[in-house]
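Hi,

Here is the structure I said I would pass on. Have a look at it first, and then read on for what turned up.

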Amino acid sequence: MSETKPSVLFVCVHNAGRSQMGAAFLSRLGGDRVEVRSAGSAPAATVNPAVVAAMSELGVDLSAQTPKLLTAEAVRASDVVITMGCGDACPVFPGKRYLDWKLADPAGQGLDAVRPIRDEIEQRVRGLLDELGITPAQ
């Protein structure tokens, strides 16, 4: 981990759903005590509207977020890399901690299908904060 604060990168294929939710929850719950990034191996044009709606229900606005392309630099700059279905497209560097979160893909799903994915990501992010020794903000 970096001496100042841990850095976490969330990666999925399109950076339009799971990784956006993970980054938003970590930013919200970790505040300025953690550095947060998200990216995709093949970014979509926009964040999934059902994901935006599901996060909005919890007071998290993703409407201005745009999917970003995964770069080797983003991986190098991160202490923890959380993959969410990017497969072999995720670069692997020595000395990084990798976690692979098996989650349903919200692509093409409606709001009712996205809510349980959102809730599972929030619980996993809370567990990650605990592992990093960071008390979640409320």
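Let's start with a pair of strands: β1 and β2 run parallel to each other and are joined over six bridges. One of the pairings to look for is Cys 12, whose bridge partner in β2 is Gly 40. Before you go further, please keep in mind that this is a predicted model.

Those two strands also belong to a β-α-β unit: β1, α1 and β2 together make one, and it is right-handed.

Now zoom out to the whole sheet. In what order do the four strands sit? The order is β2-β1-β3-β4, in an open sheet with parallel pairing. At the edges you'll find β2 (35-40) and β4 (97-100), each of which pairs on one side only. From one strand to the next, the twist averages 20°. On the other side of the sheet's order from the pair above, strand β3 (residues 80-83) pairs with β4 in the parallel sense, over four bridges. If you want a spot to click on there, Val 81 has Tyr 98 as its bridge partner in β4.

Two serines in the strands are worth a look.

Ser 7 is in strand β1 (residues 7-12). Is it buried or exposed? With a relative accessible area of 2%, Ser 7 counts as buried, because the cut-off for that is under 20%. Its side chain reaches the backbone oxygen of Ala 77, at 3.3 Å. Beyond its neighbours within four places in sequence, Ser 7 is in contact with Glu 35, Arg 37, Ala 77, Ser 78, Asp 79 and Val 80.

Ser 38 is the other one, and it lies in strand β2. Ser 38 is buried too, with a relative accessible area of 8%. Which side chain does the side chain of Ser 38 make a polar contact with? That would be Asn 15, at 3.1 Å. Not counting residues up to four places away in sequence, Ser 38 touches a list that includes Leu 9, Phe 10, Ser 19, Gln 20, Ala 23 and Lys 68.

Next, the helix α2 (residues 49-56). Ala 50, Val 51, Val 52, Ala 54 and Met 55 are buried in this helix. What covers them includes α1 (18-30) and α4 (111-132). At the N-terminal end of α2, Asn 48 acts as a cap: one of its side-chain oxygens lies 2.8 Å from the backbone nitrogen of Ala 50.

That brings me to the nonpolar cores. As a general point, nonpolar side chains tend to be buried together in soluble globular proteins. Here the largest nonpolar core has 32 residues, and Val 8, Phe 10, Ile 82, Trp 101, Val 125 and Leu 128 have the most contacts inside it. Elements giving two or more residues to this core are β1, α1, α2, β3 and α4. Which of them gives the most? It is α4, with seven residues.

Leu 128 is a good place to center your view. Leaving out residues up to four places away in sequence, Leu 128 touches Val 8, Leu 26, Val 80, Ile 82, Arg 97, Leu 99 and Trp 101. Apart from this core lies another one, of seven residues, with Val 11, Ala 39, Leu 70 and Ala 74 among them.

Best wishes

How values were computed:
Residues are numbered from 1 along each chain as its sequence is written. This is a predicted model: local features need pLDDT of at least 70, side-chain atom pairs count only at pLDDT 80 or more; totals for chains, interfaces and linings use all residues. Side-chain values use heavy atoms; hydrogens and water are left out. Buried means under 20% relative accessible area, exposed over 50%, partly exposed in between (1.4 Å probe, protein chains only). Contact means heavy atoms within 4.5 Å. A polar contact is a pair of N or O atoms within 3.5 Å; within protein, one must be able to donate a hydrogen and the other to accept it, and residues adjacent in sequence count only if both atoms are side-chain atoms. Two strands pair if DSSP finds at least two bridges between them. Axes are lines fitted to C-alpha atoms, for helices over the stretch in contact, and angles run from 0 to 180 degrees between N-to-C directions. A crossover is right-handed if, with the strands pointing away from the viewer, the path from the first strand over the helix to the second runs clockwise. A nonpolar core is a set of buried Ala, Val, Leu, Ile, Met, Phe, Trp, Tyr and Cys residues joined through side-chain atoms within 4.5 Å.
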